[in-house]
Amino acid sequence: MARIVITEFMDERAVAALAAAHDVHYDATLVDDAPRLLKEAATADALVVRNRTQVRGALLAALVRCRVVGRLGVGLDNIDLAACQARGVAVIPATGANARSVAEYVIAAALLLRRGAYGSSAAVAAGRWPRTALSEGREVGGCTLGLIGFGGIGQLTASLARGIGMQAVAFDAQMRADHPAYAEQGVRCVGLDELLAVSDVVSLHVPLVDSTRNLFDATRIAALKPGAVLINTARGGIVDEVALAAALRSGRLGGAAIDVFGSEPLAAAPHFEDCPNLLLTPHIAGLSAESNERVGTLIAQRVLEALSR
Ligand SMILES: NC(=O)c1ccc[n+]([C@@H]2O[C@H](COP(=O)([O-])OP(=O)(O)OC[C@H]3O[C@@H](n4cnc5c(N)ncnc54)[C@H](O)[C@@H]3O)[C@@H](O)[C@H]2O)c1
């Protein structure tokens with residue numbers, strides 16, 4: 001029987017599947033208590049984390065018995081992959097399991113931000129009837145969605161976008177232009193500059209790595225089409241938050257949805273105050289009842305397989 005330490009929220013059914021075969025220590029608050037985390041890590045044969053547990057440095061050094069790290073999500077920027085590989089620790093992401101949840105978030109944000117008509121409850125209830133002010137919202141039909149990163153989530157987002165009459169273009173630094181996924185989704189492969197120039201909605205689906213850090217700096221934000229909407233569900237650190245806020249305030253950018261931040265949880269962020277047409281969410285694009293179950297089930301299954309080898 002192996003010892004499995006789970007440091008962040010995991011679907012209860014998936015925890016039960018692990019506990020049926022192994023000794024499981026599940027404590028979703030462990031991530032915020034470094035001394036306890038290091039103590040539990042010392043006896044772990046497997047570690048299960050989300051995005052907040054930093055599997056590097058002191059934690060990695062404490063994981064003397066660990067053979068496998070299960071990641072309840074897909075971004076691996078909180079894990080020192082090279083060090084894990086050097087120590088023979090397998091790292092297992094939940095590839096694909098939360099893609100639909102993120103793709104639906106992107107489509108909903110695009111519809112909401114372009115139309116701009118859903119924030120009127122208080123005014124309508126108070127009898128103000130702001131019909132004229134809200135009558136010039138924009139549709140998404142016929143407009144262009146620019147996808148930066150055309151992996152699992154980018155491709156699924158393109159497929160949903162086509163269903164509501166958008167056309168999509170994509171830039172992916174690591175996919176060949178003749179990759180069959182472009183034709184399968186009816187997406188035109190373009191360079192980054194062209195994507196910025198033609199897209200009405202731009203959505204980011206790249207990992208946070210050196211080449212994507214600060215990719216959306218003030219210059220790239222200024223290169224977006226006037227009135228464009230920017231959606232970031234990828235990772236904080238890719239978009240310059242201060243430059244984005246300035247572009248919204250100046251009216252140059254039509255709207256933005258930001259789910260991920262340079263520092264999480266986001267502390268008070270005065271630069272975002274009073275920004276028009278801005279949606280801020282606490283890193284939940286990939287979280288839904290369905291995706292939590294899919295992600296947990298997949299990781300439980302793959303950790304069990306890894307421990308049985
Ligand atoms: N907000 C959330 O809740 C949430 C949930 C899931 C995933 N994510 C983020 O979304 C990202 C994408 O997820 P995915 O499942 O589609 O990953 P993926 O690995 O399937 O796709 C990522 C794509 O980005 C491309 N890429 C890498 N570097 C690039 C660059 N410099 N420029 C352009 N393209 C580049 C890769 O070639 C790949 O096709 C993840 O890395 C993660 O950070 C966030």
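Which helix lies across strand S1 (3-6) and S2? In this predicted model, the helix in that position is H1 (residues 12-19), which runs at about 150° to S2.

The strands beneath this description belong to an open sheet of five strands, arranged in the order S2-S1-S3-S4-S5 and paired in the parallel sense. Strand S2 (23-26) and strand S5 (90-93) form the edges of the sheet, since each of these two pairs on one side only. When direction is ignored, neighbouring strands of this sheet are turned by 15° against each other on average. In general terms, the strands of a sheet pair through backbone hydrogen bonds, and the pairing may be either parallel or antiparallel.

Within this sheet, strand S4 (residues 68-71) can be followed on both of its sides. Strand S3 (residues 46-49) pairs with S4 in the parallel sense over four bridges, and S4 and S5 likewise pair in the parallel sense over four bridges. Gly-70 illustrates the arrangement, for Val-48 stands opposite Gly-70 in S4, while the bridge partner of Gly-70 in S5 is Ile-92. Both faces of S4 are covered, with Val-68 and Gly-70 buried on one side and Val-69 and Arg-71 buried on the other.

A comparable description applies to strand S11 (255-258), where Gly-255 and Ala-257 point one way and Ala-256 and Ile-258 point the other way, all of them being buried. S11 pairs with S10 in the parallel sense over four bridges, and Val-229 stands opposite Gly-255 of S11.

Helix H5 (residues 99-115) contains 17 residues and spans 24 Å from its first C-alpha to its last, which is close to the 24 Å expected at 1.5 Å a residue. An α-helix has 3.6 residues a turn, so residues three or four places apart point the same way. The buried residues of H5 include Ala-99, Val-102, Ala-103, Val-106, Ala-110 and Leu-113, together with the polar or charged residues Ser-101 and Arg-114. The elements that cover the buried residues of H5 include helix H7 (152-163) and helix H12 (289-308), as well as strand S9 (201-204), strand S10 (229-232), strand S11 (255-258) and strand S12 (278-280).

Just after H5, Gly-116 takes a positive phi of about 60°. Ala-117 then lies in the loop between H5 and helix H6 (121-125), and Ala-117 counts as partly exposed because its relative accessibility is 24%, a value that falls between the limits of 20% for buried and 50% for exposed. Although Ala-117 and Leu-134 are 17 residues apart along the chain, their C-alpha atoms are separated by 5.7 Å.

A second loop residue, Gln-185, is found between helix H8 (180-184) and strand S8 (188-189). Gln-185 is classed as buried because its relative accessible area is 16%, and buried means under 20%. When neighbours within four places in sequence are left aside, Gln-185 is in contact with Phe-150, Gln-155, Ala-158, Ser-159 and Arg-162.

The ligand is surrounded by 27 residues, of which the closest are Gly-152, Ile-153, Asp-172, Thr-233 and Gly-286. In the case of Ile-153, a backbone N or O atom lies 2.9 Å from an oxygen atom of the ligand. Side chains also take part in this description, since a polar side-chain atom of Gln-174 lies 3.4 Å from an oxygen atom of the ligand, and a polar side-chain atom of Arg-235 lies 3.4 Å from an oxygen atom of the ligand.

Definitions and conventions: Residues are numbered from 1 along each chain as its sequence is written. This is a predicted model: local features need pLDDT of at least 70, side-chain atom pairs count only at pLDDT 80 or more; totals for chains, interfaces and linings use all residues. Side-chain values use heavy atoms; hydrogens and water are left out. The expected span of a helix is 1.5 Å times one less than its number of residues. Buried means under 20% relative accessible area, exposed over 50%, partly exposed in between (1.4 Å probe, protein chains only). Contact means heavy atoms within 4.5 Å. Two strands pair if DSSP finds at least two bridges between them. Axes are lines fitted to C-alpha atoms, for helices over the stretch in contact, and angles run from 0 to 180 degrees between N-to-C directions. A residue is near a molecule or strand if one of its heavy atoms lies within 4 Å of it. A polar contact is a pair of N or O atoms within 3.5 Å; within protein, one must be able to donate a hydrogen and the other to accept it, and residues adjacent in sequence count only if both atoms are side-chain atoms.
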